[in-house]
Each structure stands twice: as structure tokens, then as C-alpha cells.
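Got the sequence and the model open? Let's walk through them with a few questions and answers.

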Number of protein chains: 2
Amino acid sequence: MANDTALLLIDIQMAFAHRDQADAARSCPEAEQNIATLLTAFREKDLPVFHIWHNSTESSSPFRPGEPGNPVQTFAAPEPGEIVITKQVNSAFIGTDLEEQLRERGITRLIITGATANHCTETTTRTAGNLGFDAIYVSDGVWAYGQRGPDGVVHSPQAVHSMTLANLDGEFARVMTAEEVLREIRA
Amino acid sequence: MANDTALLLIDIQMAFAHRDQADAARSCPEAEQNIATLLTAFREKDLPVFHIWHNSTESSSPFRPGEPGNPVQTFAAPEPGEIVITKQVNSAFIGTDLEEQLRERGITRLIITGATANHCTETTTRTAGNLGFDAIYVSDGVWAYGQRGPDGVVHSPQAVHSMTLANLDGEFARVMTAEEVLREIRA
């Protein structure tokens, strides 16, 4: 993988750490470690890294600027030269200049990680694929929480996570593990 | 509901009828009837109707122009004055002038129906919500097929459909039944 490949870290902010500390059940407890490993590998190879942060405009959201949930988690903090983009909706491509910044740099392949698997990360991946990027969704570099649907069905974090992989793979993105991505970076 | 509300029919093309005729298991067998009822109600009230059709560029796709799967299904055929928009990816907002056409007409609320529940219809709904439209996803005006994910898990059509409702509701859209929408139109 060369300079045409960027790592995207989506919404790795304190609000999720707080949710985990409050014992919310989630999938993929190893996601943060895998993201940290990918981040180190990208930095070693001097490949582009994009940090996407959610600045909610909703008054009750822990992601609102100024709230303790807004700051980035320490392990995912940007280093000089890395790009930070803030967004206000799920897709990192809407209301931002992300597409422009990627095209300017000739980036065509995106390694997508972050949270949550099914909301911001999945939406950004759907948009990326539809915009013509070679989107790679890291199956163990994302995590999901459980949810109850309007039909009353309760979906476990693992079920939510698994359905996102099925919805994305081959239609919007290639689904790969962090280890598979690392092997390509180091090749 | 007034002129600020449009009905969207997404990808109701022959390829899906052929898939159903080949006995593919799917969710929501009543979807087409519900869509037809909504279409009649919108026409009676002279409310805007947008037909979105998929013109695939993939050589093996039944949705490719010229293929027998490309034409619209008869029950969903447009009438004069209704807008037809063709797309080449899942989101009806990417590579089209759909957003511009909606904004020009002052349309702020979208009643979204079509297929498949989890691919084109869900992606269009995610984009619509993120663009600031009041997106209403018709839970029994969409349908899904089963799928096997890259993790080997087999998801039934009902499970796929149900997860889409859970992913969208309250985050990107309001999920309503066709009957609930009809009640608002007729109010």
C-alpha cells in the first residue's frame, strides 16, 4: 500500500469510553488495540491518517463540543501532519471537505475504523464506496452496541456488528481484518 | 402533509420481480401493494412523486440498461409530471441531481419506499437524514433478501429487514408503516 491509501479513525472520542465504563455491552473489545496497531503501522510508513470527530449539535449529546465526551481518546490522538476533520452528522462526507482533501492528495483507498460499526462508520463506508473510493472496512477495528428496533426486536451488539459486515461486504466495501490490512501495508 | 412531502420509489424494477419469480426468499410480501396504495394516495392529493431507477454499469448486473431486469415494474410506472431520476450507485443522492430537484421544489420531507431495504433504500435514507431531510422510512413499503456475511453468518430476510429498521429509526429517519403515512396524508 502506498500514499494512495489513508487510514480513517472515526469518532474515537471519550463518550464511547464513558459508555464502556458504564458497562454498556458492546462487540469487539479488541477494536481499540487493533486501531492503535494500524495507526502505528501507518505512521511508520508515513502514510496519511485522517481523524474524524463528531461535534454534535444536539443539546443532550455527550459528543457536543465542551462536553467531557467530546475529546478524542488518548490512544487515537493526532500527531502533527495528520488531518483532523469535524462533522455534525453520521457520514464524514456530508458537511465536510473530506472528499476534496482525499482527492487533492490522490487518495483512492480508505482503511476505515472507529465507532459505531453500524452508524457513523457504516454510513461513511457506504458513502465512500458510492463515491468511488476503494473502501476497506476493518471488521475488528470497529465496534457496536446493542439496540432495540421499532418492531420491538432486541439486537445484540454481536448481531448488529455482524449485519453491518454483511451489508457492506462486496456492495460498498471489502471487509478485512486488521491483520490482513497490516500484511498489505508491510508487504 | 402538503407539497413539502415527496414519495420516493427506489429501484422497483423488473430484476426484483424476476428474483421473486425464481423463488428467492424475501421479507414483506405486501410491500408492493403498500407502495401502490401510497402512490395512489399521493396522486389523488397531487403530491410530488420521484421515481429512482438503478442503471447499473456492471456487465453482469440485471439492472444494466437494455437487460430485461432494467425496466420499472408496471405497477410503479411513472405518470406524466412525475420525476424520474436514474442512478448508478446505491444512494440516490450520489451522482444525481436529486437533492437539487428536491430543494428547488421546497421539499423537506421524504416518504421512502422500494428495494432493497438494506442496500439502496437504506443508503438513500441514511444520506437523506444526514442532508437534513425529514426522512420517513416505510417499514412495510420495502423488502429485503437474505445474505451470508463475510464472517459466515447467514442472515434471514426478516433479520436483515429488522436490523435496517433498528439502524435507521431515530438516527437517520422516522420509521412508519404505510398505514400511518396514509393517515397523515389523508388528514
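**Strands, helices and the chain contact**

Q: Which residue in strand 8 of chain A does Ile136(A) stand opposite?
A: Keep in mind that this is a predicted model. Strand 5 (residues 134–143) of chain A is joined to strand 8 of chain A by three bridges, and the two run parallel. Across from Ile136(A), in strand 8 of chain A, sits Arg174(A).

Q: Which strands of chain A stand at the edges of the sheet?
A: Start with the layout: chain A has an open sheet of six strands with parallel pairing, in the order 3-2-1-4-5-8. An edge strand has a single partner strand, so one of its sides is left without a neighbour in the sheet. That description fits strand 3 (83–87) and strand 8 (174–176) of chain A.

Q: What does the twist average from one strand to the next?
A: Go back to the open sheet of chain A, with its order 3-2-1-4-5-8. From one strand to the next, the twist averages 25°.

Q: At about what angle does helix 4 of chain A run to strand 4 of chain A?
A: Helix 4 (residues 120–130) of chain A lies across strand 1 (5–10), strand 2 (49–54), strand 4 (109–115) and strand 5 of chain A. Helix 6 (residues 178–186) of chain A packs on the sheet too, touching strand 4, strand 5 and strand 8 of chain A, and its direction makes about 130° with that of strand 5 of chain A. For helix 4 of chain A against strand 4 of chain A, the angle is about 165°.

Q: Why is strand 2 of chain A largely enclosed by the rest of the structure?
A: Look at both faces of strand 2 of chain A: Val49(A), His51(A) and Trp53(A) are buried on one side, and Phe50(A), Ile52(A) and His54(A) are buried on the other. In a regular strand, side chains alternate between the two faces of the sheet. Strand 2 of chain A is largely enclosed because the number of its residues that are buried is six of the six.

Q: Which residue of strand 3 of chain A stands opposite Phe50(A)?
A: Strand 2 of chain A is joined to strand 1 of chain A by four bridges, running parallel, and there Ile10(A) stands opposite Ile52(A). With strand 3 of chain A, strand 2 of chain A pairs in the parallel sense over five bridges. In that strand, the residue opposite Phe50(A) is Ile83(A).

Q: How are helix 2 of chain B and helix 6 of chain B oriented to each other, roughly parallel or roughly antiparallel?
A: Helix 2 (residues 31–44) and helix 6 (residues 178–186) of chain B pack with their axes 10 Å apart, at an angle of about 10°. Angles under 35 degrees count as roughly parallel. Helix 2 of chain B and helix 6 of chain B are therefore roughly parallel.

Q: How many nonpolar residues are in the contact of helix 2 of chain B with helix 6 of chain B?
A: Helix 2 of chain B brings Asn34(B), Thr37(B), Leu38(B) and Ala41(B), while helix 6 of chain B brings Ala178(B), Val181(B), Leu182(B) and Ile185(B). By class, there are no charged residues and two polar ones, and the nonpolar count is six.

Q: Which element gives the most to the side of chain A that touches chain B?
A: The contact takes 25 residues from chain A and 25 residues from chain B. On the chain A side, the elements giving two or more residues are helix 4 and helix 5 (157–168) of chain A. With six residues, the one that gives the most is helix 5 of chain A.

Definitions and conventions:
Residues are numbered from 1 along each chain as its sequence is written. Chains are lettered from A and ligands numbered from 1 in the order in which they are written. This is a predicted model: local features need pLDDT of at least 70, side-chain atom pairs count only at pLDDT 80 or more; totals for chains, interfaces and linings use all residues. Two strands pair if DSSP finds at least two bridges between them. Axes are lines fitted to C-alpha atoms, for helices over the stretch in contact, and angles run from 0 to 180 degrees between N-to-C directions. Two residues are in contact if their C-beta atoms, placed from the backbone, lie within 7 Å. Angles under 35 degrees count as roughly parallel, over 145 as roughly antiparallel, 65 to 115 as roughly perpendicular and the rest as oblique. Ala, Val, Leu, Ile, Met, Phe, Trp, Tyr, Cys and Pro count as nonpolar, Asp, Glu, Lys and Arg as charged, and the others, Gly among them, as polar. A residue is buried if 20 or more other C-beta atoms lie within 10 Å of its own, exposed if 12 or fewer, and partly exposed in between; C-beta atoms are placed from the backbone.
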